[in-house]
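Please look over the sequence and the model shown here before reading the report that follows. The text takes up single residues, strands, helices and domains in turn.

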Amino acid sequence: MKFSIAIRDGLILTLDRENRVIQNGFLGVLEDKIIYIGEEPNDFSSDEIIDAKEGIVLPGFVNAHTHIPMSLLRGLAEDISLKQWLEKYIFPIEKRLNPELVYTGSLLSCAEMIMSGTTTFCDMYFFEDEVAKAAKEAGMRCLISEGLFDFPSPNYGVDIEDGYRYTEWLIEKWKNDPLINVAVGPHTPYTCSEKILRKVKEIAERHNIPIIIHLAETEAEIQEMKDIYGKSPIEYLNDLKILGPNLIAAHCVHLNKKDLELLKNNDVKVVHNPECNMKLASGISPVPEMLNMGICVALGTDGSASNNNLDLFQEMDTAAKLHKISKMDPSVMDAVTVVKMATIYGAKALGMEKIIGSLEVGKKADIIVLDTNKPHLVPLYNPFYSIVYSAIGADVIYSIINGKVVMREKELVTLDIERIIKDAKQWADQIKDWLS
Ligand SMILES: [Zn+2]
């Protein structure tokens with residue numbers, strides 16, 4: 001057999017329908033696809049052979065909700081109220097955002113994501129074409145959306161029509177790209193008028209693309225929607241016929257029984273962001289209930305300003321523990337479920353489950369390799385337990401996206417990390433000047 005990349009001696013977690021685990025496994029890639037998984041073939045040739053040295057081989061993680069340019073705002077202000085944080089720090093900076101800053105912040109995040117095992121991300125921010133350019137340069141897979149709302153945008157200005165035009169331009173520009181996918185991004189039900197939400201639905205349907213929205217994140221949002229419309233944000237979106245399988249709803253923290261039924265019946269995809277919800281004291285999303293009902297719940301970090309990193313290993317660990325303590329039941333959110341949230345459920349949430357999210361012949365080669373020959377990963381009785389409760393982002397030593405090695409022996413192949421860090425530090429100085 002002929003491969004472009006062969007991975008040998010790996011503990012392969014396929015995350016396929018049977019959740020097969022293969023000891024001393026071998027995986028072969030040709031061009032952008034996985035063409036072989038199983039025992040090492042007797043006779044093969046490969047352009048590159050990766051010796052996993054009994055390390056774990058699994059699908060690259062999907063960060064299903066983030067705002068990657070916000071890495072440049074990481075740690076800017078902490079331990080204050082959300083209102084203060086937004087009004088004194090985030091909004092004044094976002095008013096001055098420019099494409100160059102967004103591009104540098106995006107490159108920094110792409111480097112961080114690749115180095116911690118993420119191969120696909122779902123983003124909403126401003127100047128999203130810069131996010132796409134950075135992802136393209138990094139060789140990362142993504143679903144991006146320009147944030148739309150009733151307030152002036154640093155990108156499209158005061159006229160929402162320009163926001164729609166920018167979104168349509170993004171869709172057109174990236175439509176045949178193998179890695180970059182575009183969605184429509186209404187910010188929230190309370191920052192977007194009914195008119196925007198109806199238009200967003202029309203654009204998404206016309207192009208058959210997902211809608212990304214923040215939904216039912218805080219108690220204040222629930223109250224505001226009740227005061228204005230007399231219903232929950234989910235009921236409101238249901239009345240506008242926006243709930244559906246193409247809706248990617250971040251957070252979904254404050255839900256009543258009827259909301260849960262609506263999410264389930266409309267096959268809405270939910271993204272859980274436990275660290276952000278904890279840090280901003282938003283509340284605890286009823287994730288075990290949603291999973292029990294069969295709702296697809298993926299995992300996200302949200303932006304680095306409210307997390308403060310993009311490491312899905314930490315997010316998995318937190319997701320598992322948060323719900324165990326919240327329910328006072330150590331059996332909820334078991335390790336296999338949590339790893340699925342970061343892989344196959346993430347792929348499903350983004351509408352990509354046919355091409356990524358599991359290691360299967362015919363799927364795109366988005367693969368990570370973990371070095372398990374480390375004190376904190378020995379002994380390794382069960383790889384799922386080790387991944388969720390012991391492993392960290394830095395354990396990832398190889399990352400392959402769409403059949404291309406983007407990190408080899410912990411060295412980034414596509415990005416110049418020294419230059420990116422230098423540029424990011426310069427932008428941080430600029431940001432400090434803006435606030436002084
Ligand atoms: Zn968010």
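## A residue, a sheet and two domains

Leu-291 has its place in helix H10, which covers residues 287-293; helices (H or I, at least four residues) and strands (E, at least two) are DSSP runs, numbered from the N terminus. The model is a predicted one, in which local features need pLDDT of at least 70 and side-chain atom pairs count only at pLDDT 80 or more, while totals for chains, interfaces and linings use all residues. Residues are numbered from 1 along each chain as its sequence is written, and side-chain values use heavy atoms, with hydrogens and water left out.

Leaving aside residues up to four places away in sequence, Leu-291 touches Val-297, Met-333, Thr-337, Met-341 and Tyr-345, where contact means heavy atoms within 4.5 Å. Of these, Met-333 lies 42 residues from Leu-291 along the chain, and the C-alpha atoms of the two are separated by 9.1 Å.

**Sheet and hairpin**

Four strands form an open sheet with parallel pairing, in the order S11-S12-S13-S14; two strands pair if DSSP finds at least two bridges between them. At the edges stand strand S11 (211-215) and strand S14 (297-299), each of which pairs on one side only. From one strand to the next the twist averages 30°, with axes taken as lines fitted to C-alpha atoms, for helices over the stretch in contact, and angles running from 0 to 180 degrees between N-to-C directions. Helix H11 (residues 312-327) packs on the sheet, where it touches strand S13 (269-272) and S14, and the direction of H11 makes about 130° with that of S14.

Strands of a sheet pair through backbone hydrogen bonds, either parallel or antiparallel. The two pairings below give an example of each sense.

| Strands | Sense | Bridges | One bridge pair |
|---|---|---|---|
| S11 and S12 (residues 247-251) | parallel | five | Ile-212 and Ile-248 |
| S2 (residues 21-30) and S3 (residues 33-38) | antiparallel | five | Gly-28 and Tyr-36 |

The hairpin of S2 and S3 has two residues between the strands, and in this hairpin Glu-31 takes a positive phi near 55°.

**Domains and their interface**

By an automatic or database domain assignment, the chain is divided into domain 1 (2-59 + 364-412) and domain 2 (61-349). The centres of the two domains, taken over C-alpha atoms, are separated by 29 Å, and their contact takes 25 residues from domain 1 and 29 residues from domain 2. How much area is buried between domain 1 and domain 2? It is about 2100 Å², of which carbon and sulfur atoms give 71%, buried area being the accessible area (1.4 Å probe) that two parts lose on being put together, summed over both.

Across this interface the rule finds one salt bridge, defined as a side-chain nitrogen of Lys or Arg within 4 Å of a carboxyl oxygen of Asp or Glu. On the side of domain 1 that touches domain 2, at least two residues each come from strand S5 (56-59), strand S15 (367-370), helix H14 (383-389), strand S16 (396-401) and strand S17 (404-408). The most is given by H14, with five residues.

**Salt bridges**

By the same rule the count comes to 29 salt bridges. In one salt bridge the side chains of Asp-177 and Lys-136 meet at 2.8 Å, N to O. That pair links distant parts of the chain, 41 residues apart, with Asp-177 in the loop between helix H4 (160-174) and strand S9 (180-182) and Lys-136 in helix H3 (residues 128-138). The side chains of Arg-141 and Asp-366 also meet in a salt bridge, at 2.7 Å, N to O.
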